[in-house]
Amino acid sequence: MSEPSSLNDTTRLRIRVVFDDDAMLGPGKADLLERIRETGSIAAAGRTMSMSYKRAWSLVEEMNAVFRDPLVVSTRGGRKGGGARLTESGEAILTHYRKLEEIAAEAGAARIGLIKSMLKDIPEGK
């Protein structure tokens, strides 16, 4: 994921939308959706995030359970191999979430800068 240009290389805004105790969408789930779209596989997407297959599947199942329509559909392996893809709803949710990140980063850039200016010096590489 590329960070919005209004923030520098080290400062970023991370947003988690909490609908209720069991329904939320944050940067980890959004990244997982993005990587499923890129790789065509839940397992491969999880691996790119250093996440176990079980954890990746669990997050997909959580998302599919809380949204009206599933965000990811998968096919079982076999001779032709399995795979996964985002549904139309999955694409829409991901697009809306990324736009929300962009809007929030742009709207909050000045305040983030003020907060950052009050930090102690941060050593290089941290």
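**Note on helices H1 and H4 and their salt bridges**

1. The buried residues of H4 pack against S2, H1 and S4, where contact means heavy atoms within 4.5 Å. These residues are Gly90, Ile93, Leu94, Tyr97, Arg98, Glu101, Ala105, Gly108 and Ile112. Buried means under 20% relative accessible area, exposed over 50%, and partly exposed in between (1.4 Å probe, protein chains only). Helices (H or I, at least four residues) and strands (E, at least two) are DSSP runs numbered from the N terminus.

2. The model is predicted: local features need pLDDT of at least 70 and side-chain atom pairs count only at pLDDT 80 or more, while totals for chains, interfaces and linings use all residues. Residues are numbered from 1 along each chain as its sequence is written, and side-chain values use heavy atoms, with hydrogens and water left out.

3. The 30 residues of H4 should span 44 Å at 1.5 Å a residue, and the end C-alpha atoms are 42 Å apart, which agrees. The expected span is 1.5 Å times one less than the number of residues in the helix. H4 nevertheless bends by about 60° at Ala109; the bend is the angle between axes fitted to the seven residues ending there and the seven starting there.

4. For H1 (residues 27-39), the expected span of 18 Å agrees with the 18 Å between its end C-alpha atoms. Its buried residues are Pro27, Lys29, Ala30, Asp31, Leu32, Leu33, Glu34 and Ile36. Their packing partners include strand S2 (23-25), helix H3 (53-66) and helix H4 (88-117). Gly40 follows H1 and has a positive phi, near 75°.

5. S1 (residues 17-20) and S2 pair in the antiparallel sense over three bridges; pairing requires at least two DSSP bridges between the strands. A hairpin joins S1 to S2 through two residues, and Val18 stands opposite Met24 in S2.

6. The whole structure holds six salt bridges, each a side-chain nitrogen of Lys or Arg within 4 Å of a carboxyl oxygen of Asp or Glu. One of them joins Arg37 to Glu91, with the closest N and O atoms 2.9 Å apart. This pair links distant parts of the chain, Arg37 in H1 and Glu91 in H4, 54 residues apart. Arg37 is partly exposed at 38% relative accessible area, as is Glu91 at 28%.

7. Within H4, Arg98 and Glu101 form a salt bridge (2.9 Å, N to O), and both residues are buried. Asp31, Glu34, Arg98 and Glu101 are linked in a network of salt bridges. Lys99 and Glu102 also form a salt bridge, at 3.2 Å between the closest N and O atoms. Lys99 is partly exposed at 43% and Glu102 at 33%.
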